[in-house]
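The following paragraphs offer a guided reading of one protein chain, from its overall architecture to its side-chain pairs and its surface.

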Amino acid sequence: ISLANDIASNLKANIGRLKIEKSSKTSESKINLFENISGKNVILINSIAPPVNDNIMETIFLVSNLKRSNA
């Protein structure tokens with residue numbers, strides 16, 4: 001979060017709110033955006049540290065969700 005705060009501060013931008021819920025039974029993730037990002041520029045910062053496969057897939061799903069929200 002520190003890196004995101006530094007970037008947002010330098011860009012004079014706000015950090016958006018989202019929630020990622022992971023099901024322990026099915027390993028599925030649900031992404032909820034709590035911001036109206038339609039027509040806005042968005043910078044996504046996400047870790048791809050281990051477990052790499054899970055985090056890369058989470059990043060891909062986040063990008064897809066942002067595109068569907070017309071960011």
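What share of the contacts in the chain with a separation of 6 or more is accounted for by residues 24 or more positions apart? In this predicted model, such residues account for 41% of those contacts. The chain has 71 residues, of which 13% count as buried. Its C-alpha atoms fill a box of roughly 40 × 25 × 15 Å along the principal axes. The exposed area of the chain is about 5900 Å², and carbon and sulfur atoms supply 52% of this area.

The secondary structure consists of 2 helices and 2 strands, arranged α-β-β-α from the N terminus on. Strand E1 covers residues 18–22 and strand E2 residues 29–33; the two pair in the antiparallel sense over 5 bridges. Together E1 and E2 form a hairpin with 6 residues between them, and Ser27 in the turn adopts a positive phi of about 65°. Within this pairing, Glu21 has Lys30 in E2 as its bridge partner.

Attention now turns to the charged side chains. A search of the whole structure finds 3 salt bridges. One of them joins Lys22 and Glu58, with an N to O distance of 3.2 Å. Because Lys22 lies in strand E1 and Glu58 in helix H2, this pair ties together parts that are 36 residues apart in sequence. The two partners are differently placed with respect to the surface: Lys22 counts as exposed at 54% relative accessibility, whereas Glu58 counts as buried at 11%.

A further salt bridge is formed by Glu35 and Arg17, whose closest N and O atoms are 3.0 Å apart. This pair links distant parts of the chain, 18 residues apart: Glu35 belongs to the loop between E2 and H2, and Arg17 to the loop between helix H1 (2–11) and E1. Glu35 is partly exposed, with a relative accessibility of 33%.

Glu21, already met as the bridge partner of Lys30, also forms a salt bridge with Lys19, the closest N and O atoms being 3.9 Å apart. Glu21 is partly exposed at 34% relative accessibility, and Lys19 is likewise partly exposed, with a relative accessible area of 44%.

The surface also carries a nonpolar feature. Ile48, Val52, Ile56, Met57, Ile60 and Phe61 make a nonpolar surface patch of about 510 Å². Among them, Val52 lies in helix H2, which spans residues 52–68. Val52 is partly exposed, with a relative accessible area of 37%; this value is consistent with its place in the patch, because patches are made of residues with over 30% relative accessible area.

Methods:
Residues are numbered from 1 along each chain as its sequence is written. This is a predicted model: local features need pLDDT of at least 70, side-chain atom pairs count only at pLDDT 80 or more; totals for chains, interfaces and linings use all residues. Side-chain values use heavy atoms; hydrogens and water are left out. Patches are made of residues with over 30% relative accessible area and no salt bridge: like charges are joined within 9 Å, nonpolar side chains (Val, Leu, Ile, Met, Phe, Trp, Tyr) within 5 Å. Accessible areas come from the Shrake-Rupley method with a 1.4 Å probe; for residues, only the protein chains shown count as cover. A salt bridge is a side-chain nitrogen of Lys or Arg within 4 Å of a carboxyl oxygen of Asp or Glu. Helices (H or I, at least four residues) and strands (E, at least two) are DSSP runs, numbered from the N terminus. Buried means under 20% relative accessible area, exposed over 50%, partly exposed in between (1.4 Å probe, protein chains only). Two strands pair if DSSP finds at least two bridges between them. Contact means heavy atoms within 4.5 Å.
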